Every structure is written in structure tokens, then in C-alpha cells.
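Grab your viewer and work through these exercises at your own pace. Each one comes with a worked solution, so try it before you read on.

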Amino acid sequence: MKEGIHLINCYVENKPGVLARIVGLISGRGYNIQTLNVGPTEDGTVSRMKIDVLGTARVVEQIILQLRNQVNVIEVSSRRR
């Protein structure tokens, strides 16, 4: 499979430690984060994370599955850049 940059959009609960947990999940498994943007949404209890990850479609699938298993993650989607 061909490597490329994939954008992962993730809505998470706006709580302390969530960012560290998400970044640790991705980098701890050896996946490289190219860019990371985090900001609030209109609902102050939810933040949006935009994560660019370099990898194959299979790698991104695994990341998404692992993110969806996290307690503080509300929604996850992705697309290839």
C-alpha cells in the first residue's frame, strides 16, 4: 500500500489530559504526527482535533479504531490529503 498524509478529524471532550492521551496513543505505536491543531467548538465542552498522519490507509484505519475506543472521544473521521 502507498503511504500518504491522512487528515483525521476528532471531536473530543474538553477535559484535562485528553490531548496527551490521544497524542500518546498515536505516537506510542510508532505513527508519526505531521501536524496537530486543537481548538474549541461552539459547545464549550467539546474540542476539535485535526491530526495529519503519515501512513498507509491500513495504518490510519488502525489509528481510527483505537481512537474510537477512547472514553473521551466523541466522533472520528478521516480523509486522504
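**Exercise 1.** Find out which residues of α1 are buried and where they sit around the helix axis.

*Solution.* Start with the list: in this predicted model, the buried residues of α1 are Val18, Ile22, Leu25 and Ile26. Next, look down the axis of α1: the buried residues fall within an arc of 95°, so they line one face of the helix. Now see what that face meets: the buried residues pack against β1, β2, β3, β4 and α2. Finally, place the helix as a whole. Helix α1 covers residues 18-27 and lies across β1, β2, β3 and β4, at about 160° to β2.

**Exercise 2.** Work out the strand order of the sheet and say which strands are at its edges.

*Solution.* Trace the pairings and you get an open sheet of four strands, in the order β2-β3-β1-β4, with antiparallel pairing. The edges are β2 (32-40) and β4, as each of these pairs on one side only. On average, neighbouring strands of the sheet are turned by 15° against each other, with direction ignored. Then add the other helix: α2 lies across β1, β3 and β4 and runs at about 170° to β4.

**Exercise 3.** Take β3 and describe its pairings, then decide how enclosed it is.

*Solution.* Go one side at a time. With β1, strand β3 pairs in the antiparallel sense over ten bridges. Two of the residue pairs to check here are Cys10 with its bridge partner Met49, and Val12 with its bridge partner Ser47. With β2, the pairing is antiparallel too, over eight bridges. Met49 turns up again on this side, as the bridge partner of Val38. The connection from β2 to β3 is a hairpin through five residues. Last step: seven of the ten residues of β3 are buried, so the strand is largely enclosed by the rest of the structure.

**Exercise 4.** Is Ser47 buried or exposed, and what does its side chain contact?

*Solution.* Locate the residue first: Ser47 belongs to strand β3, residues 46-55. Its relative accessible area is 8%, and the cut-off for buried is under 20%, so Ser47 counts as buried. For the polar part, its side chain makes a polar contact of 3.5 Å with the side chain of Asn14. Now widen the search, skipping neighbours within four places in sequence: Ser47 is in contact with Cys10, Tyr11, Val12, Asn14, Val38, Gly39, Pro40 and Thr41.

**Exercise 5.** Do the equivalent job for Asn72: where does this residue sit, and what does it touch?

*Solution.* Asn72 is in the loop between α2 and β4 (73-80). With 12% relative accessibility, Asn72 counts as buried. Its side chain and that of Arg21 are joined by a polar contact of 2.7 Å. Leave out residues up to four places away in sequence, and the residues touched by Asn72 are Tyr11, Val12, Glu13, Lys15, Val18 and Arg21. For a backbone check, take Ile22: it is 50 residues from Asn72 along the chain, and their C-alpha atoms are 9.4 Å apart.

**Exercise 6.** Which element has the lowest confidence, and which the highest?

*Solution.* Begin with the overall score: the protein averages a pLDDT of 93, and 100% of the residues score at least 70. Then go element by element. Helix α2 (residues 57-68) is lowest, at a mean of 93, while strand β1 (residues 4-13) is highest, at 96.

Note on methods: Residues are numbered from 1 along each chain as its sequence is written. This is a predicted model: local features need pLDDT of at least 70, side-chain atom pairs count only at pLDDT 80 or more; totals for chains, interfaces and linings use all residues. Side-chain values use heavy atoms; hydrogens and water are left out. pLDDT is the predictor's confidence in each residue, from 0 to 100. Buried means under 20% relative accessible area, exposed over 50%, partly exposed in between (1.4 Å probe, protein chains only). A polar contact is a pair of N or O atoms within 3.5 Å; within protein, one must be able to donate a hydrogen and the other to accept it, and residues adjacent in sequence count only if both atoms are side-chain atoms. Contact means heavy atoms within 4.5 Å. Two strands pair if DSSP finds at least two bridges between them. Axes are lines fitted to C-alpha atoms, for helices over the stretch in contact, and angles run from 0 to 180 degrees between N-to-C directions. The arc is that of the directions from the helix axis to the C-beta atoms.
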